[in-house]
Amino acid sequence: MVATWGAILYPVLRFLRPRAATASGALEVVAPFRVKEILQAKNNPFDFGGKPCLVVLTPDGAKRLAAGQAIQADDLRAFNAVCTHVDCTVKYRQENGDIYCACHEGIYDLNGRNVSGPPPRPLEAYVVTLRGEPGQEEIVVSKQSPA
Amino acid sequence: MNTRRRFVGFLEERLGLDVLLGLARNKLVPIHASTPFYYFGGMAIFLFLVQIGTGILLSLYYKPSPDQAFESVQAIVTEVDFGWLIRSAHSWSANLLVGVLFLHLLTTFMMRAYRRPRELTWMTGIVLLGLFLAFGFSGYLLPWNELAFFATRVGTAIVGVVPVVGKQLLLLARSGEDVTGDTLARFYSLHVVVLPMLTFAVLGVHLFLVQKHGMSVPEKIVADARSKGGLRAMPFLPHFLLRDMVGWYLALAILAALAALFPWELGDKADPFKPAPDNIKPEWYFLFMFQALKVLPAHLGPFEGEVVGVLFFGACGLIVLFAPFLDRGKISRAVLASLAAVAVAFFIAMTSWGWFSGAEQTTLRVILGGIQTVVVLPLLIPFTAPGSNGRKLVYAGLTLAIAVLAVATWWETLG
Amino acid sequence: MKRDSRPTAMLLAVILAAAAMSTLGIPALRGELVAVVQEPEAAQAPAADAPAAADASTAPAEPTDAAANASSQTPPAGGPLPDDYSCLTCHKKGGDLWNETTPTVDESHLTNDVHWKKGLRCHDCHGGSETLESFKNHRDDPDFRSLRVRQDSITFCGHCHSNLDYMRKFSPSARTDQETEYWTSGHGQRLKASAAGENAQADAGVATCISCHGGHGILAVKDVNSPVYPTNVAQTCSKCHSDAKLMEGRTYDGRRLGHDQYEQWTKGVHGVAMLSKGDISAPTCNDCHGNHGALPPSVGSVANACGTCHGKVSKLFAETRMKHKFEVAGMPGCAVCHGTHQTFNPGDSMIGMGDGALCAKCHNPANPQLGATLAGADLAKNIHAKLDELKRNIELAGDKVREAERLGMEVRGSRYDLHQAFDALTNARTLIHTFKPGPVDEAVDEGLKVTASVQESAAAALREHTYRRWWLAGSLVPILIVVGLLVATIRRTPLPESRYDPSHH
C-alpha cells in the first residue's frame with residue numbers, strides 16, 4: 001500500500017517541481033548572452049523553439065554601446081535568422097552593419113529588409129524586450145506583438 | 001491507541017461519522033451470477049478520481065489560448081518531469097472511463113436495474129454518461145492539434161444541423177462562425193469548471209440513490225432465490241471493497257500498460273488555414289456517430305440526410321434516457337431488448353468501419369470488431385443458465401470471435 | 001481621390017490600359033500609323049510621313065513651365081474636364097466642331113493619364129495655343145507639335161523627358177537618359193538605321209516609347225496596371241517578341257529575336273517567382289536586357305547579368321577555367337547549364353555523370369567536348385556522391401528527430417542543429433561552381449558532422465523514450481503484486497452468512 005502511494009506521489013511531486021527557466025521555448029526566449037556581450041556573442045543566432053534567432057544592434061545602438069551609454073530595447077532588432085531565399089542561416093556582420101547570408105551572398109539591412117542578392121522577402125521580425133539591472137540586461141525575444 | 005481513540009472521538013463528536021460508517025457497515029451486496037457487473041460503477045468512480053487528479057496537475061501548466069495551447073501541452077510532455085506520464089494517463093484514463101461507462105450502461109440495461117423504484121438512478125446515470133461524453137469532446141480540442149481542431153469543427157457542425165435552433169447552438173458552441181481561440185477558451189471553461197460542477201452534483205444524486213435503493217437484483221434471480229429462502233450476500237465492508245480494489249488496481253495496471261505501450265501522441269499544431277487532413281477522426285466513442293453521418297446519403301426522401309441522422313441520434317438518446325418508462329410489458333420489453341442488440345451491433349460495425357476507413361485495411365477493421373465483440377459477448381454469460389442453449393450460443397459466438405480475431409491478427413502480422 | 005471611388009477608378013484604368021494596348025500594340029509595329037492622333041491623310045501615306053515628322057520635332061518649343069508651376073487657367077490636376085475645355089471642341093466625339101475625319105481623343109484616357117494628373121494639359125505636350133480665342137490652325141502654327149507616326153514618339157516624349165531642368169520640377173531624381181539610352185538599344189539602332197535608309201538592320205517597325213508605355217492614358221510605372229509594372233513587363237515585351245510572324249527573319253548577333261522567350265520565362269524559376277509567388281523583385285525581361293537600352297547581353301557578359309543578383313555564384317564561376325573555355329567556345333556562361341529564359345530550379349541531378357547530368361555533355365568519356373577531361377568527369381561524380389551522402393544523412397537525422405518529436409520527446413535543440421546541416425548542403429551546392437573538390441568536400445563534411453551529432457542526440461531521445469516505456473511496464477509488477485495480495489486477503493476473509501432481501505430495499 002505504501003509502495004503504491006509512493007509510486008503515485010513520486011511522479012506527482014516531480015511534476016510539481018518548477019521546470020527549467022530557459023526552456024519554456026515556444027513563444028519567448030532569453031538570448032544566451034547579455035546586451036553588453038552582443039558584439040562578442042559566439043552563439044548568435046541562437047535556438048528559439050527550434051529555429052535560429054538573430055539579435056542585432058542598430059547603428060545608433062552600436063554608437064551608444066561604444067560610448068558606454070545605456071542600451072534600450074529599441075536599439076536592438078531580432079529576426080528569424082532563416083534566409084528567405086533558400087533557408088540558410090543568416091549572420092550578423094557588425095563590421096558592415098548588415099545581415100549576411102553566406103550561401104548566396106544575400107544581404108539584409110539591420111531592419112531585416114532584403115537589400116541585395118537573391119532574397120525575395122525581408123526577414124521575419126520578432127519583438128525584443130530587455131529585463132534586468134542596467135548594464136546587466138538580458139535580451140528577451142518573443143513572437144507576440146507587444147499589444 | 002488511546003490517542004487515536006481520542007482523535008476519532010473528537011471527529012466523531014463533531015462530524016457524526018458513525019452515520020456514514022454505519023451505512024457502510026450495514027451495506028450488503030447480493031451474490032449471484034451478475035455480481036461482477038457491480039464493479040463497473042466503482043471502477044468508473046476510480047477512473048474519475050484519476051481524471052480529477054491528473055486533470056488538476058495538467059491545468060498547472062496548460063494555457064488555453066490558440067497561441068500557447070499546443071506549445072504548453074508540448075512543454076508538459078517534453079519539459080516537465082513526468083509530464084508525459086500525467087498526460088498519457090489523463091488521456092487513456094478518459095478513454096477507459098467512457099468504455100467502462102458504456103459497459104456499466106449496457107450491463108445495467110441487461111439486468112433491467114432501472115425497474116421501479118430506480119428510474120431516477122438510471123436517468124441520472126444517462127445524464128452522467130452525457131456529461132462524460134461532453135468531457136471527452138471538450139477535452140479533445142484542448143491540445144489544439146490538427147486532428148482535434150478539425151474533428152471539433154466537424155463535431156460542432158453536426159450541432160448546426162439541428163432544425164430551427166441549430167444555427168444558434170452552433171454559434172453558442174463555437175463562439176462564432178468558426179472554431180477559433182474563443183472556442184478553445186469556451187471548451188476549456190466547460191471542461192474544467194462547468195462540467196465538473198454538474199458532474200459532482202449529478203454523481204452525488206446518483207450515488208445517494210444507489211445507497212438508498214441498494215443493489216438491484218435481476219428479477220429472475222430474485223424469483224429463484226425466493227424458493228431457496230433468499231439470496232446470499234456479502235458485507236460492503238470489507239469484503240466488497242476489497243474486491244472493488246482489485247478492480248481499481250487492475251484498471252491502474254491497464255492504464256500503465258496502455259501508457260507504456262501506446263504513449264498518447266501530440267500530433268501537429270492546428271493551423272486553421274490549412275486544408276483539413278484526410279484522416280480526421282473524433283474520439284472512438286463518437287466514431288459510430290461520425291461514420292454514420294458520413295455515409296448517410298445527402299438526401300433521404302424530402303429531407304437532408306444529415307438532419308435525419310442527427311434527429312435519429314437525438315431520438316435514440318431520448319429512448320435510452322426514458323427507457324425505464326418505455327419498459328411497460330412483455331412486448332415493449334422485447335422491442336427494447338432487440339433495439340439494444342441492434343444498437344450494439346451498429347456501434348461495433350460503425351466504429352470498426354470508421355476507425356480504419358480511408359485505407360484498405362479490412363483486416364484491421366475485422367480485428368477491432370473482433371475485440372469489441374469479445375468485450376461485449378461475455379456480458380451475456382450471467383443471463384444464460386449454465387448448460388442451456390443460450391449459454392452454448394454465447395460460448396460458440398465467443399469462440400468464433402476469438403478465432404476470427406486470431407486469424408485476422410495472424411494475417412495482419414504476416415501480411 | 002476618395003476611398004470609395006477607388007475600385008471604380010481601378011477598373012477604369014484596367015479597361016483603359018487594355019484599350020490603349022490594343023490600339024497601340026501590334027498594328028502599330030507593323031509600320032502602320034499610330035491610332036492615337038490619327039490624321040486621315042497621314043493614314044494613306046505612312047512611309048512618306050516619317051521623315052516629315054522627324055523634321056517637325058527638330059524645331060521644338062521649350063517645354064512650358066505651366067504645369068510645373070501649376071497654372072491657374074488649367075483644370076485642377078486629376079479632376080474631370082470642364083465642358084468648355086477648348087481642344088475638345090474639335091477632338092471630342094460629338095464636340096461642336098467635330099466631324100468624322102477629326103482625330104479623336106477619349107476624355108477618360110486624358111484624365112487618367114499620369115501627365116494629366118501631374119497638371120499637364122494638351123498643349124504642354126502638343127504645343128499650340130491653349131485657348132480657343134488664340135487658336136491658329138495646327139498646320140499654320142509653328143508651336144504645334146504633332147505625333148503623326150509612332151516613330152516620332154522618341155523625340156516627342158524626349159522633348160520633356162530629356163530635359164533635366166524641366167523634369168526635376170516633377171521629381172528631383174528623375175532620369176533624363178531614356179532617349180539617349182533608347183538610341184543605343186536594339187530598337188533604337190534599327191530605327192535610326194531605318195530613318196537614315198541604311199543597312200540591313202534597318203527596321204521602322206521596332207518598339208518606341210508608346211509601344212510599351214501607351215499613348216493617351218499613360219500610367220505611372222509604379223501603377224500596377226501600367227504595362228511596364230514589373231509583373232506586366234514580360235507580357236508587354238511578348239506582345240511583339242512572341243509574335244512569330246512579326247519576328248520572322250529578325251535576328252540579333254545571329255540569334256532569333258522572336259520565339260518563345262515569354263513562354264519559357266513564365267515556366268522558369270524567375271517567372272514563377274514573379275507571377276505565381278508575387279515576388280516583384282524577381283527578374284523579368286528588363287532586369288537582364290535593360291529597358292530603354294534593351295539589348296541581349298553578349299555571350300561574355302551573361303555571367304555578369306546573372307551576377308547582379310547571384311553574386312557569389314558568379315564570382316566563384318568567374319575564377320574557373322570552365323568560364324574561360326566557355327568564352328573561347330562562344331558559349332554563354334551560366335546559361336550553358338541553367339538555360340536562358342527558362343531557368344529551372346537547379347537540382348542535384350544536374351551535377352555528375354548520371355541521367356540528366358549536364359557535366360556528361362562535355363566530360364563524356366566516349367566523346368569529350370572542348371577539351372573536357374576524364375578527371376573532370378570523376379570530380380563531377382564525386383561531387384554528386386558527396387551531395388547525395390549529405391542529403392541522405394539529413395533525411396535520416398530528420399526522420400529520427402521527427403519520430404522522437406512525435407513521441408513527445410524534447411528535440412528542439414536537435415532540430416535547431418539540423419538547420420546547420422541544411423546550411424552546409426546549400427553552401428556545398430553553391431560551391432559546386434568552383435568545380436574543385438576541396439571546397440565542396442569541406443562544406444559537406446561540415447554538414448556530416450552536424451547530422452552525425454543530431455542523429456546521436458535523436459537516438460538518445462528515442463532510447464530515453466524506450467526506457468520510459470520499460471519503466472512504466474515495470475510498474476505493472478508492483479501493481480500486480482498488490483492485486484495478488486488483495487486476492488489473497490479476500491480468500492482469507494471468510495464471507496459471513498448474511499442474506500440479501502431485494503424487496504427490502
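How many residues of chain C are in contact with chain A, and with how many residues of chain A? In this predicted model, the contact brings together 23 residues of chain C and 20 residues of chain A. On the chain C side, the elements that contribute two or more residues are α20 (311-318), α24 (412-431) and α26. Of the residues of chain C that touch chain A, the largest share comes from α24(C), which supplies eleven. Sorted by class, this side of chain C holds ten polar, eight nonpolar and five charged residues.

Chain C also meets chain B. Here 28 residues of chain C are in contact with 33 residues of chain B. Three elements of chain C each provide at least two residues of the side that touches chain B, namely the helices α25 (437-474) and α26 (476-492) and the strand β3 (498-500). Helix α26(C) gives the most to this side, with nine residues. Helix α26 of chain C is thus worth a second look, as it is also listed among the elements that give two or more residues to the side touching chain A. As for composition, the side of chain C that touches chain B is made up of 16 nonpolar residues, with six polar and six charged ones beside them.

Strand pairing joins these two chains as well. Strand β2 of chain B, spanning residues 231-235, pairs with β3(C) in the antiparallel sense, and the pairing runs over three bridges. Within this arrangement, Leu231(B) stands opposite Tyr500(C), a residue of β3(C). The strand β3(C) therein is one of the elements noted above for supplying at least two residues to the side of chain C that touches chain B.

Note on methods: Residues are numbered from 1 along each chain as its sequence is written. Chains are lettered from A and ligands numbered from 1 in the order in which they are written. This is a predicted model: local features need pLDDT of at least 70, side-chain atom pairs count only at pLDDT 80 or more; totals for chains, interfaces and linings use all residues. Two residues are in contact if their C-beta atoms, placed from the backbone, lie within 7 Å. Helices (H or I, at least four residues) and strands (E, at least two) are DSSP runs, numbered from the N terminus. Ala, Val, Leu, Ile, Met, Phe, Trp, Tyr, Cys and Pro count as nonpolar, Asp, Glu, Lys and Arg as charged, and the others, Gly among them, as polar. Two strands pair if DSSP finds at least two bridges between them.
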